[in-house]
Amino acid sequence: MQFALSARAIFDEFRSNDESFQLFCSITAKGEAQGGWENERIAANTADPVLAAKIAQHGADEHKHARLFGGLLLRRQLEAIAVPAEADYCMRLERAGIGLAHDRLREDRPLSDEEILKYLVHSRVTEQRAFEEIHQQEAIFRGDPELGKAVAMVAADEVNHLAYCHEELLRFERAGHGPLIRRMLAEYAAVEIRTYRDVSVAVMMRMGDTLGWSRLKKGVLRFGIHAIYWIERLFTWRRMTTLRPPERSNPLGTPDLQELTQ
Ligand SMILES: [Fe+2]
Ligand SMILES: [Fe+2]
C-alpha cells in the first residue's frame, strides 16, 4: 500500500477531482470574503481616518482574493458550495472568543482602542497563517496554468497585510499599549493554533471522504496535523507573537492624512 503525503501530493489530489477542488476553493473564497466584510465594517467604525483607509484597503484586498478563488471555480464551471461549520476557520475563531464578534461588527458604533487592538492582534495572528499557507501554495503551483497566477497575486498581498499588522501594532505599542498587546498576542496565538488544528482535521477528513482515502491514510494525516500542532504549541508559536518594523513603511500604500483631507 502506497500513498504520497507531501503537501504537493495532497494539493495535486485536491485539484485532480472536481468535488474536492470545489470544496477547497469554496472554503478559501468564503474565508477571504468574510475577512473582506469584517475589514469593511471595522473601517466604517474606525474614527482615525488614516487607519480607516488602511483597514478599508485590507478589506478590498480580501474581497479581491474571494473573487480570484471564485473565478477558479467558474473556470471549471463549478459553483461555490456551503462550507461545513467544522471547516469554517473564521467562525470557529469567533466562537473561540478572539477578534471582534460579528454582532458587534453589524453595529454602527465607533470602535474603542481596545477593540481596534482586538482586530489588529487577530489580524497579526491570522495573517501569519494566511501568509504561510499561500506561500506554500505559491511554491507548489508556480507556473501552473490554472492556479499559478491567482495564487501569486494573493501571496503578494498577504506579505503586505502581515507587514501592515506589525506596523500598526508597533504604533499602538509606542502609545503605551505594549503589555495588553503582548498578553493578547500570546492568548490569540494559542487559540489560533488549536483552531487551525481542528479545522485542518475537519477539512482533511472531508477531502478524504470525497477522494476515497483509506482509513490508514486519513489516520496518518490526522496524526501529522496533531504533530504539527504540538510543534507549534511548544516551539514555533512565537513566530505569531513577535513584532518588527516592516522593510517598507505603509505596506498597504494608502494615502496619508494630508492627501485624505484634501
Ligand atoms: Fe486574503
Ligand atoms: Fe490577508
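This passage describes the overall fold, the two iron sites and one pocket of a predicted model.

The protein chain is built from helices. Nine helices are present, and strands number zero. From the N terminus on, the order of elements is α-α-α-α-α-α-α-α-α. Along the principal axes, the C-alpha atoms fill a box of roughly 65 × 40 × 35 Å. The radius of gyration is 19 Å; a compact globule of 262 residues would have a value near 18 Å, so the two agree. Of the 262 residues, 49% count as buried.

Two iron ions are bound. The iron ion (ligand 1) has four protein donors: E32 (OE), E62 (OE), H65 (ND1) and E158 (OE). These donors lie 2.0 to 2.3 Å from the ion. The angles subtended by the four donor atoms run from 78 to 145 degrees, and the arrangement is therefore irregular. A tetrahedral site would need all angles between 85 and 135 degrees. Along the chain, the donors of the iron ion (ligand 1) follow the spacing E-x29-E-x2-H-x92-E. Distant parts of the chain are linked here: E32 sits in helix α2 (residues 18–44) and E62 in helix α3 (residues 49–75), 30 residues apart. Both E32 and E62 are buried.

The iron ion (ligand 2) is held at 2.1 to 2.5 Å by E62 (OE), E127 (OE), E127 (OE), E158 (OE) and H161 (ND1). E127 thus appears twice in the list of donors. The donor residues of this ion are spaced E-x64-E-x30-E-x2-H in sequence. Again, distant parts of the chain are linked: E62 belongs to helix α3 and E127 to helix α6 (residues 113–141), 65 residues apart. E127 counts as buried because its relative accessibility is 6%. For E62 the value is 4%, so E62 is buried too; the cut-off is under 20%.

The two sites are joined. The iron ion (ligand 1) and the iron ion (ligand 2) are 3.5 Å apart, and E62 coordinates both. E158 is listed as a donor to the iron ion (ligand 1) and also to the iron ion (ligand 2).

The second largest pocket has a volume of about 260 Å³. Its lining includes F131, V159, N160, L162, A163 and H166. Also in the lining are R244, P245, P246, E247, R248 and P251. Helix α7 (residues 148–211) supplies the largest share, five residues. By type, the lining of this pocket divides into seven nonpolar, two polar and three charged residues.

Notes: Residues numbered from 1 in each chain as written. Chains lettered and ligands numbered in written order. Predicted model: local features only at pLDDT ≥ 70, side-chain atom pairs only at ≥ 80, totals over all residues. Heavy atoms only, no water. 1 Å grid on protein atoms, 1.4 Å probe; cavity = no way out; pocket = protein on both sides within 12 Å on 5 of 7 lines; lining within 4 Å. Points joined across faces, edges and corners; volume = space filled by probe spheres on them. Helix = DSSP H or I, 4+ residues; strand = E, 2+ residues; numbered from the N terminus. Nonpolar A, V, L, I, M, F, W, Y, C, P; charged D, E, K, R; others polar. Donors = N, O, S within 2.8 Å, 3.2 Å for Na, K, Ca; no water. Tetrahedral: all angles 85-135°; square planar, octahedral: opposite > 155°, others 65-115°. Buried < 20%, exposed > 50% of the residue type's maximum accessible area, 1.4 Å probe, protein only. Rg over C-alpha atoms; globule rule 2.2 N^0.38 Å.
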